[in-house]
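Student: I am new to this structure. Please take me closely through one part of it, the sheets and what packs on them, and keep it brisk.

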Amino acid sequence: SAVLYIVPTPIGNLDDMTNRSLQVLKDVDLIACEDTRHSARLLDHYSIKTSLTALHDHNERGKADWLVQQLIEGKNIALISDAGTPLISDPGYHLVNKVRDAGYRVVPLPGACAAITALSASGLPTDDFRFIGFLPAKSSQRKKMLQSLSSETTTLIFYESPHRILDCLKDVLEILSDRRVVLARELTKTFETFLSDTVSELIRCLENDSNQQRGEMVLMVKGAEKQAVTTELGDLDSMIQSSLKYL
Ligand code: SAM
């Protein structure tokens, strides 16, 4: 029976498209994408002629029903987004849910994702991390969200837009304090940059060089220091030490 493929696309460098992804995009009957004009350029680049249909945040629920109908009619579908892995801060959740409910296979292909690409070269702990995606645009809500993450000991990964990055960093400084942060900009592109510093130094750097505020970016924040679990053991230790004195 028909299949829905989840196909990642490049986050900048067009060569970051796997052979398997290209083959799937050629072979399917229909490609669902966020913006048909944007994705037409990608397909043109690879001479892929498969037809495109738009599935975005505003039409996803209705469009998902229509796409399930296409699967029922035996058509294989690929889902792509403007860049990176679909469903990761991108549309597709309702579609995948409905396709699974309807009993059809969903086959994911591995590929580009800004969060994982950034994390892998950040120098921050990678054994345990939390992907948050975009923080709220309003400072009051952003601070509330950051507050809820303040005792999280895992590396935190955010997507942020260039015109909000400074305000966001100022809120991070206020709520999460002056931790180590890494800003990964323009990944896989000509001006790829990693800035690794304390929040206050990074703010200074961005204020002094507005070029560092440009482009696409992933912000990673080191987790909170793990609370020492040694308190009770420490108490025990001092009790033993003081008892020893009397022996
Ligand atoms: N689905 C995508 C993925 O798998 O990474 C993310 C889509 S989200 C709408 C777009 C955000 O991802 C950007 O605002 C930026 O935070 C991040 N991003 C995408 N491409 C990037 C790149 N080349 N360098 C740094 N960040 C990038």
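Tutor: Start with one of the sheets. Five strands make an open sheet, ordered β3-β2-β4-β1-β5, and their pairing is parallel. At its edges are β3 (51–54) and β5 (105–108), each paired on one side only. Neighbouring strands here are turned by 25° against each other on average, direction ignored. Keep in mind that this is a predicted model.

Look inside that sheet. β2 (residues 30–33) and β4 (residues 77–79) are joined in the parallel sense over three bridges. A32 stands opposite L79 in β4. A helix lies over these strands. Helix α3 (residues 60–72) crosses β1 (3–6), β2 and β4, and runs at about 145° to β4.

Now move to another sheet, the main subject of this close look. It is open, has five strands in the order β6-β7-β10-β8-β9, and its pairing is mixed. β6 (129–134) and β9 (193–198) stand at the edges with a single partner strand each, so one side of each has no neighbour in the sheet. From one strand to the next, the twist averages 20°.

Take β10 (217–221) next. In the strand order, β10 sits between β7 and β8. With β8, β10 pairs in the antiparallel sense over five bridges. With β7, β10 also runs antiparallel, again joined by five bridges. Some residue pairs make this concrete. V181 stands opposite V221 in β10. M217 in β10 is the bridge partner of E160. M217 is also the bridge partner of R185.

Is β10 covered or open? β10 is mostly covered, with five of its five residues buried. M217, L219 and V221 point one way from the strand. V218 and M220 point the other way. All of these are buried.

Helix α8 (199–208) comes next. α8 packs on the sheet and touches β8 and β9. The direction of α8 makes about 130° with that of β9.

α8 also packs against a helix, α7 (165–176). Their angle is about 160°, and their axes are 9 Å apart. Since angles over 145 degrees count as roughly antiparallel, α7 is roughly antiparallel to α8. The crossing of α7 and α8 is left-handed. On the α7 side, the contact uses I165, L166, L169, K170, V172 and L173. They meet V199, S200, L202, I203 and L206 in α8.

α7 has another helix to meet. The axes of α6 (residues 139–148) and α7 come within 10 Å and cross at roughly 45°. That angle makes α6 oblique to α7. α6 passes α7 in a right-handed crossing. From α6, the contact involves S139, R142, K143, L146 and Q147. From α7, the contact involves D167, C168, D171, V172, I175 and L176. Note V172, which appears in the contact with α6 and in the contact with α8.

What fills the space between such elements? In soluble globular proteins, nonpolar side chains tend to be buried together. Here the largest nonpolar core has 30 residues. Among them, A118, V181, V218, L219 and M220 touch the most other members. The elements giving two or more residues to this core are α5 (114–120), β7 (155–160), α7, β8 (180–185), α8 and β10. A second, separate core has 22 residues, including I6, V24, I77 and I80.

V181 deserves a closer look. Leaving out residues up to four places away in sequence, V181 touches D197, V199, L202, L219, M220 and V221. Of these, V199 and L202 also take part in the contact of α8 with α7. L219, M220 and V221 are buried residues of β10.

Finish with the loop between β8 and β9, where E186 is found. E186 has a positive phi of about 55°, although it is not a glycine. E186 has 15 C-beta neighbours inside 10 Å, so it counts as partly exposed. T188 also has its place in the loop between β8 and β9. The phi of T188 is near 70°, a positive value in a residue other than glycine. T188 is partly exposed, with 17 other C-beta atoms within 10 Å.

Note on methods:
Residues numbered from 1 in each chain as written. Predicted model: local features only at pLDDT ≥ 70, side-chain atom pairs only at ≥ 80, totals over all residues. Core = buried A, V, L, I, M, F, W, Y, C linked by C-beta atoms within 7 Å. Buried ≥ 20, exposed ≤ 12 C-beta atoms within 10 Å, placed from the backbone. Helix = DSSP H or I, 4+ residues; strand = E, 2+ residues; numbered from the N terminus. Contact = placed C-beta atoms within 7 Å. Pairing = 2+ DSSP bridges. Axes fitted to C-alpha atoms, helices over the stretch in contact; angles between N-to-C directions. Parallel < 35°, antiparallel > 145°, perpendicular 65-115°, else oblique. Left-handed = near helix turned anticlockwise from the far one by under 90°.
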